[in-house]
Structures are given as C-alpha cells and as structure tokens.
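Hi there,

I am handing over the structure we talked about, so that you can look at it yourself. Please open it first and then read on; my notes on what turned up follow below.

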Amino acid sequence: MIAGMTDTADHDGTGPMTEEAAAPTPRERRIAAWRGASRVLARLGFLAPLRERLALLEAAGDAYDLDETADIYGNGVVEVLERRVADLLGTEAAAFFPTGTMAQQVALRCWAGRTGDPAVALHPLSHPEVHERNAFSQVSGLRPVRFANEPRLPTAEEVRDFPEPFGALMLELPLRDAGFVLPTWDELTGVVEAARERDAVVHFDGARLWECTEHFGKSLEEIAGLADSVYVSFYKSLDAYGGAALAGPASLVEEAKTWRHRYGGAVFQQFPTALSALIGLDRELPRLPEYVRHARVVAAALREGLEAGGLPWFRVHPEVPHTHDFQVWLPYETEFVAETAIRAGEETGTMLFANHWNPKGPGLTCTEVYVRAAALEWTADDVREAAADFARRLTGA
C-alpha cells in the first residue's frame, strides 16, 4: 500500500476498494518538522531522504580506491575496513558483521565454547536485554545473568561478590538506556580486574565506544585494551549505512567468521556499507570529542532555559553528559510533551527535541538528546532561549 494512504475496503473483502489520504502520524509529523527545521541539534543521517543518504558516497573516492574490484563475501574493501578497525582498537584482528546483534551473539558463544560456561553477566538495561528480543537465550544458547539494577555500570564489588559463576562479563560502554552513562576510568579498570579474578572473559558492547575517549581521557586503543573482545557500530556514532565489527584476538575473530557464515552474515556484497563506514571513520570520528564537549554546553543551557521557563520539575541526565548524548525527563504525559515538541518545531523552525518521547511512569516522560555537527551552530544563549520557550509552551505561561 502507498505510504500515507488508507485501505477502506469492506471488512468481508468483497466491496469496492478505495483510498483516501490519512492524517500524518505523530512520528511522520515529528520527522517532517525535523527535516523542515532551520535549526536542530543533530541531522541524523538515517532519517534523511534517500537522495541525501546516497550523496554520502560522493566522498567514497577519498576513503578507498574506487578502481578496485568490488567485494565478494567479505574481501576487498570489507577487509580494508576490518584492518582499519583493528588498528584503531589495537587488536590483532576484526571481523565485519551486518549487525551488532549478530556480532555480539557470535562473540559470546565463541567465548562460551572456550570457557565452558554459557552464563553471561550483564546489566538488565543492556542492549541485548532491552532491544534484542532475548536473542542470547533464544538463538545462541547463552544464559544471561543480571546484576546492578541501578541505572549505572556495575561496581567491582558487585562483580566480585556475584553469587553464581559466569563465563563472560559484558559491559555496555556507554550504557545507553541508563542515560549514556560511563564509569570513571578507575571504576572500569576495577570492574575488569574483578572479572579476571573470577576467571571470566570481558567483552565490551562498544556500539558507541568511539564517543568514550573524551570522558575517560584515554585513547581507543587503551580503552579496548582492557577487554578480551570489543564490538563497535558504524552507524550509531559514525553515520554509516549500518554494519558493525567484532575486534579481538586473531583466533577468536577467525572462529567468529565461521559463525558469521552460519548465522547468515556472509553477505555477497557490502561495499556501500563498508565505504560509508570508512567515510565515517575519516569524517566523524575525529569530531566526536568536540561533540562531547559541546554536549556539556548544551546540557547546562537546557537546564537554565527549562528553569527560566517555569517548569516545576525536570531532569537533565547525566547533569554533565558523559558522551554527546543524554536524557531529559519531564513531569508530563508523553503524548502532551510529544505534541508540544512537534508544534514548537513546526511553528518556530527550531527543533530542540527531535527524538520520540518514552513514558517512564504516571505523568513522567523521557527523551534522548543527540548533539552532532548541527549543534555546533547553537550558542548557549540559543539553547536557553529555545528551552525557555518550550517550557512556557508546556506550562501555558
């Protein structure tokens, strides 16, 4: 059916079929307002029109020799990308995967085979637990065990004193659903040491690991060097078309490539995704620390603007963002806040809150704020003014 059209055929299927224009959904309105806004905090590539997304490959010639033969089942440009990732993370090897879901299942089932223990210790807010439909247990024969129910990474004591054995500890850096939060460097090294004391391997869910260097004050190689294996995403931070990589010891990566084939991940040709990832490594990776620093400016100005606009309560979390993404919590029903955000974008051409809102309890809602290149055009005063206007719209002041 054509998008935006409604099927009005009789329920028994025998009547005439007609179509009429349907009112746009809130999501469609939100995306339209975001696309039409003259000022946003992030221009997210995956929401852009196809023509704009295809234009990303205009820079492909700067990232790779386009006279080379296209990849077939993971050679060519895919191998170049794998080597690039391994060099950046300081690992022996890396393997390209079409999705992070597949990459992490493969990594942890490989480790389970080596340790003899299918138990994977992880936070209940970890991505596989919240967003992957129980893939570990339903597909890969792994047994998730959960600890540290607070919205933060686990402590060394919690790892050391966990009451049952586990073969692998998975740490999501940053922990997205807790507010893109990270531990301190000393806390992270302590957790890793505690896992080692239990003879467990350590795997980093580093979908957004690229963003962590500013917070830790460490290089990617130093951060990845703490773990036995690391997964990274190419689209979450780098704006690529998709794809992921698993990095670690050469023997693990070779085994992972075998499982990649078994899981259906040996795609015939992936050069558009691989090229977009190389472009992201060239273009976006060097700018991420700047985005993180500006996110702190944006978060502080947001607090000041929401307070000036008269909101009775709100929360910017973390107060000082650990990466270039963070959360905003508001004491209103989700539908009301979402409609207010859409109307503000439609009427002012400024889209402060462009993401969807999620209910977190009676009269409580939350959204994620992303700070990218577009946000660098905003001064603190710009953010304060937009936040105060949004608050007044909510309160009716």
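Let me start with the annotation. The UniProt record, an unreviewed entry, places the feature "domain: Aromatic amino acid beta-eliminating lyase/threonine aldolase" at residues 76–303. Please keep in mind that what you have is a predicted model. Over residues 76–303 the chain is 47% helix and 15% strand, and the C-alpha atoms at the two ends of that stretch are 49 Å apart.

One helix pair is worth a look. Helix α4 (residues 77–89) packs against helix α13 (residues 271–283) at an angle of about 30 degrees, and their axes are 9 Å apart. The crossing of α4 and α13 is left-handed. On the α4 side, the contact is made by V77, V78, L81, R84 and L88; α13 brings F271, A274, L275, A277, L278, L281 and D282. Sorted by class, the residues of this contact between α4 and α13 are 10 nonpolar and two charged, with no polar ones.

Now to the open space, which may interest you most. The largest pocket has a volume of about 910 Å³. Its lining counts 37 residues, and those nearest the centre of the largest pocket are L44, G45, F46, Y235 and D239. Which helix gives the most to this lining? That is α13, with four residues, so you will meet this helix both here and in the packing with α4. In addition to α13, the elements α1 (26–36), α2 (50–55) and β15 each supply at least two residues of the lining of the largest pocket. By class, this lining has 15 nonpolar, eight polar and 14 charged residues.

There is enclosed space as well. Rolling a probe the size of a water molecule over the atoms shows where empty space is left. How many cavities of 30 Å³ or more does the count give? The count comes to three. The largest cavity has a volume of about 120 Å³. Of the 13 residues that line the largest cavity, A42, L352, A354, N355 and Y370 are the closest to its centre. Strand β15 (residues 364–370) contributes three residues, the largest share of the lining of this cavity. The lining of the largest cavity divides into 11 nonpolar residues, one polar and one charged.

The second largest cavity has a volume of about 50 Å³. Its lining is made up of Y73, G74, V78, F96, R260, G265, A266, V267 and Q270. Of these, V78 also belongs to the α4 side of the contact with α13. By class, the lining of the second largest cavity has five nonpolar, three polar and one charged residues.

Finally, a few backbone details to check on your screen. Most residues other than glycine have a negative phi, and most peptide bonds are trans. Where does this model depart from that pattern? The peptide bond from L173 to P174 is cis, with omega near -10 degrees, and P174 sits in the loop between β7 (168–172) and α9 (185–197). Another cis peptide bond joins H317 and P318, with omega about -10 degrees; P318 lies in the loop between β11 (315–317) and β12 (325–330). As for phi, N134 is not a glycine, but has a positive value of about 60 degrees. You will find N134 in the loop between α6 (127–131) and α7 (135–139).

Happy exploring, and do write back with any thoughts.

Best wishes

Methods: Residues are numbered from 1 along each chain as its sequence is written. This is a predicted model: local features need pLDDT of at least 70, side-chain atom pairs count only at pLDDT 80 or more; totals for chains, interfaces and linings use all residues. Side-chain values use heavy atoms; hydrogens and water are left out. On a 1 Å grid over the protein atoms alone, a cavity is a set of points where a 1.4 Å probe fits but cannot get out, and a pocket is an open set with protein on both sides within 12 Å along at least five of seven lines; lining residues have an atom within 4 Å of a point. Grid points are joined across faces, edges and corners, and a volume is the space filled by probe spheres set on the points. Ala, Val, Leu, Ile, Met, Phe, Trp, Tyr, Cys and Pro count as nonpolar, Asp, Glu, Lys and Arg as charged, and the others, Gly among them, as polar. UniProt positions are given in the numbering used here, feature names are shortened, and annotations may be inferred rather than shown by experiment. Axes are lines fitted to C-alpha atoms, for helices over the stretch in contact, and angles run from 0 to 180 degrees between N-to-C directions. A crossing is left-handed if the near helix is turned anticlockwise from the far one by less than a right angle, and right-handed if clockwise. Contact means heavy atoms within 4.5 Å.
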